[in-house]
Amino acid sequence: MTVNNCLFCQPDTPANRHIARHGTVYARRDNFPAAEGHIEVLPLRHVASIVDLTPVEWVDMHILLRRLLASGDADGWTVGVNEGRAAGRTVDHVHVHVIPRRWGDVADPRGGVRHVLPGTDPDAWAPAGVRQDGA
């Protein structure tokens, strides 16, 4: 199913250029990239939530993500989904962001996606299983 006003449901056009495809999913360059090489992987079928992907779409997405990550030249990757409007999603068609990361792109990359909310401090985090108060 496609939705006429959904950018991601548009065919391979300048605003939605398909750069790779595997089965039921495709990859495109992000129109407002967070870093050079920022892409998105999404189903061809119009679906708003990641929980509504079919098993075939999940497998196809996994295969395409693996292929894209293996072919990239980044030092690392931030891979994520804004699931719902409260999480920052602006297009109601599920899409996985694949953002190349390079040493020096931020002063301290520790914590990665935790920094989407204010007040994160990697120096204050304790190792798993260790209480902050030392007890």
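**View 1. Strands β2 and β3 of the predicted model pair in the antiparallel sense.** The two strands, β2 with residues 25–29 and β3 with residues 39–43, are joined over five bridges. Within this pairing, Arg28 has Glu40 of β3 standing opposite. The two residues are also linked through their side chains, between which there is a polar contact of 2.5 Å.

**View 2. Glu40 is a buried residue in strand β3.** Its relative accessible area is 3%, and because burial is assigned under 20%, Glu40 falls in the buried class. Once neighbours within four places in sequence are left aside, Glu40 is in contact with Phe8, with Tyr26, Ala27, Arg28 and Asp30, and with His95, Val96 and His97.

**View 3. The hairpin of β1 and β2 has two residues between its strands.** Gly23 in this hairpin takes a positive phi near 55°, and the strands β1 and β2 pair in the antiparallel sense over four bridges. Arg28, which stands opposite Glu40 in β3, is in β2 the bridge partner of His18.

**View 4. Five strands form an open sheet with antiparallel pairing.** The strand order across the sheet is β1-β2-β3-β5-β4. Strands β1 (18–22) and β4 (76–80) each have a single partner strand and stand at the edges, so that one side of each is left without a neighbour in the sheet. From one strand to the next, the twist averages 20°. Helix α1, formed by residues 55–71, packs on this sheet and touches β1, β2, β3, β4 and β5 (96–101), while its direction makes about 125° with that of β1. Along the sequence, the elements of the protein chain follow the pattern β-β-β-α-β-β, with one helix and five strands.

**View 5. Thr78 lies in the edge strand β4 and is buried.** Although β4 has a single partner strand, Thr78 has a relative accessibility of 17% and therefore counts as buried, the limit being under 20%. The side chain of Thr78 is joined to that of Arg101 by a polar contact of 3.0 Å. Not counting residues up to four places away in sequence, Thr78 touches His97, Val98, Ile99 and Arg101, together with Val113.

**View 6. Cys6 and Cys9 are shown with their sulfur atoms 3.7 Å apart.** The count of disulfides comes to zero, and Cys6 is in no disulfide, the nearest cysteine sulfur being that of Cys9. Because a disulfide requires cysteine sulfur atoms within 2.5 Å, the separation of 3.7 Å between Cys9 and Cys6 is too far for a bond. Both cysteines are buried, Cys6 with a relative accessible area of 5% and Cys9 at 12% relative accessibility.

**View 7. The whole protein chain is included as the setting for the close-ups.** Its C-alpha trace spans about 55 × 30 × 25 Å along the principal axes. The protein chain has 135 residues, of which 30% count as buried, and its accessible surface comes to about 8600 Å², with 58% belonging to carbon and sulfur atoms. Among the contacts with a separation of 6 or more, 48% are accounted for by residues 24 or more positions apart.

Terms used. Residues are numbered from 1 along each chain as its sequence is written. This is a predicted model: local features need pLDDT of at least 70, side-chain atom pairs count only at pLDDT 80 or more; totals for chains, interfaces and linings use all residues. Side-chain values use heavy atoms; hydrogens and water are left out. Two strands pair if DSSP finds at least two bridges between them. Axes are lines fitted to C-alpha atoms, for helices over the stretch in contact, and angles run from 0 to 180 degrees between N-to-C directions. Contact means heavy atoms within 4.5 Å. Buried means under 20% relative accessible area, exposed over 50%, partly exposed in between (1.4 Å probe, protein chains only). A polar contact is a pair of N or O atoms within 3.5 Å; within protein, one must be able to donate a hydrogen and the other to accept it, and residues adjacent in sequence count only if both atoms are side-chain atoms. Accessible areas come from the Shrake-Rupley method with a 1.4 Å probe; for residues, only the protein chains shown count as cover.
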